[in-house]
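Please open the structure in your viewer, keep the sequence panel beside it, and follow the stops below in order, selecting each residue or element as it is named.

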Amino acid sequence: MRRSASTSGRTLGAPSVFHHREPATATNASRLRAALGAWLRGLGLNHDLRDDVVLAAYEAMANVVDHAYRGPGPAGPLELHGHAHGGTCTITVSDRGRWRRPRTESGSFRGRGLGMMHELSDEVLMRSSEQGTTIRLIWRRAYA
């Protein structure tokens with residue numbers, strides 16, 4: 001796992017920037033979820049808000065794993081970037097794939113991730129192009 005972090009702008013001992021890039025697999029998304037939670041703890045986010053941020057980011061990462069890359073072969077990249085500045089926490093999840101719809105089954109609970117992201121965050125920005133998809137999740141007044 002590659003990680004880079006700035007040492008300027010620390011908040012409660014945590015670096016203000018968090019960045020990981022991994023192959024888009026379910027195992028890596030789970031590992032990134034835990035790493036994100038640890039970074040957010042260091043920022044001093046309260047438990048409930050931290051859970052909201054982690055859940056929304058994990059939903060975005062799960063979308064990358066499920067939708068971004070086609071066919072057999074190695075998974076393409078999943079990038080997770082966090083930035084904390086001036087009380088605002090921004091999480092960006094991006095891929096270099098092309099959207100594909102999964103098979104849906106009757107009675108499935110699939111398809112609720114984007115709605116959850118909107119409910120859990122202050123703002124959701126999504127951009128999709130031939131070069132991939134980027135989802136930016138924003139929480140204002142996330143920490144003191």
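Select Glu59 first and display its surroundings: leaving aside neighbours within four places in sequence, Glu59 is in contact (heavy atoms within 4.5 Å) with Gly113, Met116 and Met117. Glu59 lies in helix H2, where helices (H or I, at least four residues) and strands (E, at least two) are DSSP runs numbered from the N terminus. Glu59 is buried yet has no salt bridge, and the nearest side chain of opposite charge, Arg33, is 6.8 Å away. Buried here means under 20% relative accessible area, exposed means over 50%, and partly exposed is in between, with a 1.4 Å probe and protein chains only. A salt bridge is a side-chain nitrogen of Lys or Arg within 4 Å of a carboxyl oxygen of Asp or Glu, and for charge, Lys and Arg count as positive and Asp and Glu as negative, while His and the chain ends are not counted.

Before you go on, note that this is a predicted model, in which local features need pLDDT of at least 70 and side-chain atom pairs count only at pLDDT 80 or more, while totals for chains, interfaces and linings use all residues. Residues are numbered from 1 along each chain as its sequence is written, and side-chain values use heavy atoms, with hydrogens and water left out.

**The whole chain**

Now colour the chain by secondary structure, which comes to three helices and six strands, and follow it along the sequence to find the pattern β-β-α-α-β-β-α-β-β. Buried residues make up 44% of the 144 residues in the chain. Among the contacts with a separation of 6 or more, 62% are between residues 24 or more positions apart.

**Helix H1**

Next select H1, residues 26–43. Its 18 residues should span 26 Å at 1.5 Å a residue (the expected span is 1.5 Å times one less than the number of residues), and its end C-alpha atoms are 26 Å apart, which agrees. The buried residues of H1 are Asn28, Ala29, Leu32, Leu36, Gly37, Trp39, Leu40 and Leu43. After H1 comes Gly44, whose phi is positive, near 90 degrees.

**The nonpolar core**

Stay with Leu36 and show what surrounds it: apart from neighbours within four places in sequence, Leu36 is in contact with Phe18, Val53, Val54, Ala57, Leu80 and Ile91. A nonpolar core is a set of buried Ala, Val, Leu, Ile, Met, Phe, Trp, Tyr and Cys residues joined through side-chain atoms within 4.5 Å. Of the 33 residues in the largest such core, Leu36, Trp39, Leu40, Leu80, Ile91, Leu137 and Trp139 touch the most other members. Two or more residues of this core come from each of H1, H2 (47–68), S3 (77–85), S4 (88–95), H3 (113–120) and S6 (132–139), and H2 gives the most, with nine residues. In soluble globular proteins, nonpolar side chains tend to be buried together.

**The salt bridges**

How many salt bridges does the structure hold? The structure holds three, and you can begin with Arg21 and Glu79, whose side chains meet in one of them (3.9 Å, N to O). Arg21 lies in strand S2 (residues 17–23) and Glu79 in strand S3, so the pair ties together parts that are 58 residues apart in sequence. Keep Glu79 selected and add Arg96, because the side chains of Glu79 and Arg96 also meet in a salt bridge (3.6 Å, N to O), and this pair ties together strand S3 and the loop between S4 and H3. Arg21, Glu79 and Arg96 are thus linked in a network of salt bridges. Within it, Glu79 is buried, with a relative accessible area of 16%, whereas Arg21 is partly exposed at 36% and Arg96 is partly exposed at 45%.

Then move to Arg140 and Glu123, whose side chains meet in a salt bridge (2.3 Å, N to O). Arg140 lies in the segment after S6 and Glu123 in strand S5 (residues 123–129).

**Gly76**

For the last stop, select Gly76, which is found in the loop between H2 and S3. Is Gly76 buried or exposed? Gly76 is buried, with a relative accessible area of 15%. Not counting residues up to four places away in sequence, Gly76 touches Glu22, Pro23, Ala24 and Tyr69. Add Thr25 to the selection as well: the C-alpha atoms of Gly76 and Thr25, 51 residues apart along the chain, are separated by 8.8 Å.
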